[in-house]
Amino acid sequence: MKWQYAGVWCVAIAMCVFTGIAVTEHVSLDITLLFIAAAISAIGMVVMLRRMLHERASVEAAWSGIRHNPLPFYAMDRSGRIIQMNEAAALSLGYEPASNVPIGERFDRYVDATDVHLLSEHAELAAGGKSTQIIIGLRGLSGDISYWKALLAPAGSVGCPVGCILIAQDVNERRRNDEHTRHLTHYDDRTGLPNRRLFIEQLDEMLEAIKDSSDTLLTICCIDIDHFKLINASFGHDCGDMLLLQVADRLLRSCGEGDLICRMEGDKFGIVLADTTGERSEGDAILKLMAVLEEPFDIQGVPIHITASAGYTTSGQEPHHSDKLLRNANLALIKAKESGPNECQGYREEWDAASIERLRIQHDLRRAVINREFILHYQPQYDMHSGAIVGVEALLRWNHPVRGLVPPAQFIPIAESSGIIVQIGQWVLEEACRQNKEWQDAGLPKIPVSVNLSMRQFWQPNFPESIAAVLERIGLEPRYLELEITESMTMDADKLTNSLLRLTDIGISISIDDFGTGYSSFSYLKHFPIDRLKIDRSFVSDIEDDPDDAEIVAAIIAMAHNLHMQVIAEGVETAQQVHFLKMHLCDEMQGYYGSPPVPSERIAEMLAA
């Protein structure tokens with residue numbers, strides 16, 4: 001064997017061995033191609049290619065070492081015509097190895113039209129002496145396109161290249177995996193809609209496209225299904241997913257060609273409506289979208305009616321910031337849901353200051369719990385006929401280090417929504433019991449103290465047992481503690497009854513606060529172990545001037561007595577109100593007519609007197 005063919009066989013053997021390793025051991029494609037390129041360069045493939053190009057008699061001998069290599073191998077001249085190809089290359093184009101392979105044809109006739117220019121550039125680089133790698137699409141005899149990563153290396157003698165070689169490997173599986181990964185990254189797996197990530201990317205592109213246009217306005221909207229958790233709880237999460245799929249389909253069909261819709265998270269959808277006419281009202285467009293959800297949905301043969309809440313903003317408010325637009329739409333959605341189900345709200349700039357203030361108060365509340373900035377005032381409750389103090393209600397006050405005394409109306413709703421009310425409520429309960437025990441230990445008349453409960457606090461696990469533990473630790477008899485619940489808690493009658501029975505078994509009294517403003521009825525109340533009803537101040541304040549309020553108060557007193565409950569009227573401020581309540585046999589009263597809320601020291605003085 002001549003020395004110039006030694007390199008040929010070394011290269012062929014090296015290619016076969018390393019390719020076999022790559023196939024069986026899953027060595028990466030880049031390592032495989034780089035090894036082959038190094039082998040070609042180091043051992044002298046240029047000699048082989050020159051022989052292939054100019055000495056036809058020795059081609060078969062030189063080519064036999066790589067004919068059966070699993071990697072497609074092509075040799076091309078400077079014009080891009082195929083000079084030689086191995087069996088794998090023939091198969092890649094749809095030819096049988098034994099058939100008439102397309103020797104002499106231009107290779108680019110099999111290259112996807114979008115990649116022809118790319119191939120031409122890199123083939124020229126290879127013919128000029130520089131090895132490169134590209135990914136190209138090939139169309140074989142079947143017409144189907146497949147994708148290959150190709151190494152193009154120079155062919156010919158050193159310093160005098162006469163063409164190039166192309167070694168390729170199929171990357172279709174990798175591309176499919178990449179596409180699948182991209183789909184998982186950018187699309188929701190339940191509805192098939194774009195997810196939040198892709199939504200923001202496309203919103204940025206839409207904002208960029210209209211930045212120099214005064215004719216196009218984008219409306220960014222967040223739509224949330226009302227009470228979706230109830231649907232999941234009633235029918236299961238699979239049915240909930242089915243409903244989301246149907247909702248997504250209706251919204252998608254209602255959007256225009258230039259609009260964008262995604263599933264943000266949970267039961268929330270994000271929508272961008274593009275208006276190029278300037279004639280469409282943003283609010284009307286959102287209401288039309290919400291209207292398509294009014295028709296019932298079919299879930300396992302059961303018709304389900306749903307409503308949705310929506311918040312929206314426009315690109316005119318924040319033309320360059322998708323994150324701010326989404327924040328504004330979300331804020332509008334929160335405001336809409338606060339107004340009740342099936343509401344639609346547009347963003348208002350004044351909400352920004354209110355939101356920041358809300359966050360500040362929430363932060364200060366957490367600090368206040370740690371620093372013990374809360375205090376209790378107490379408002380006496382009087383027997384309607386004897387005038388004696390028969391109880392006190394503990395009322396929370398926040399002694400803010402900068403703002404001073406903060407009214408409960410400014411911080412209680414925020415404490416409720418953030419969940420901080422549970423910690424605050426526990427402190428109120430313990431402090432009120434401690435203070436009552438201190439009055440008793442001082443020899444003052446023994447009276448119950450009333451404590452308001454939040455819904456979050458009341459539904460805590462083992463709440464009755466935790467109350468019993470507080471009373472035992474402080475040493476206060478249960479009959480000197482009264483818990484006030486709100487009417488909204490009475491909606492879950494079974495759960496409420498169970499908890500109330502456990503509390504009354506301990507010996508604690510129960511009253512319903514602000515009666516008449518909520519959802520309860522006497523048909524429910526007769527099943528609850530309730531000791532007292534507190535008539536809301538909104539009825540008491542107008543009994544002198546409003547005959548309807550006077551009739552309501554009289555009816556509440558009469559029906560409560562028929563159910564063997566005591567009645568206490570809140571917000572009593574005038575002698576005329578006292579007279580009316582006495583005439584209708586109200587049991588107790590509370591309000592500024594007797595005393596405003598006062599510190600514990602003042603209650604001690606009043607009890608001592």
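A polar contact is a pair of N or O atoms within 3.5 Å, a term that will help with one of the views below of this predicted model.

**View 1. The start of helix α8 has a polar contact.** Here a side-chain oxygen of N195 comes to within 3.2 Å of the backbone nitrogen of R197.

**View 2. Helix α8 covers residues 196-209 and has buried residues along it.** Look for L198, F199, L203, M206 and L207, which are the buried residues of α8. An α-helix has 3.6 residues a turn, so residues three or four places apart point the same way. The length fits too: at 1.5 Å a residue, the 14 residues of α8 should span 20 Å, which agrees with the 20 Å between its end C-alpha atoms.

**View 3. Five strands form an open sheet.** Their order is β7-β8-β6-β11-β12, and the pairing is mixed. β7 (260-265) and β12 (344-346) each have a single partner strand, so one side of each lacks a neighbour in the sheet. On average, neighbouring strands here are turned by 20 degrees against each other, direction ignored.

**View 4. Strands β6 and β11 run antiparallel.** Seven bridges join β6 (residues 217-225) to β11 (residues 308-314). To find your way along the pair, start from I225, which stands opposite A308 in β11.

**View 5. Helices α8 and α12 meet the sheet.** Helix α8 packs on the sheet and touches β6, β7 and β8 (268-275). The direction of α8 makes about 145 degrees with that of β7. Helix α12 (residues 322-338) lies across β6, β7, β8, β11 and β12, and α12 runs at about 145 degrees to β11.

Terms used: Residues are numbered from 1 along each chain as its sequence is written. This is a predicted model: local features need pLDDT of at least 70, side-chain atom pairs count only at pLDDT 80 or more; totals for chains, interfaces and linings use all residues. Side-chain values use heavy atoms; hydrogens and water are left out. Two strands pair if DSSP finds at least two bridges between them. Helices (H or I, at least four residues) and strands (E, at least two) are DSSP runs, numbered from the N terminus. Axes are lines fitted to C-alpha atoms, for helices over the stretch in contact, and angles run from 0 to 180 degrees between N-to-C directions. Contact means heavy atoms within 4.5 Å. The expected span of a helix is 1.5 Å times one less than its number of residues. Buried means under 20% relative accessible area, exposed over 50%, partly exposed in between (1.4 Å probe, protein chains only). A polar contact is a pair of N or O atoms within 3.5 Å; within protein, one must be able to donate a hydrogen and the other to accept it, and residues adjacent in sequence count only if both atoms are side-chain atoms.
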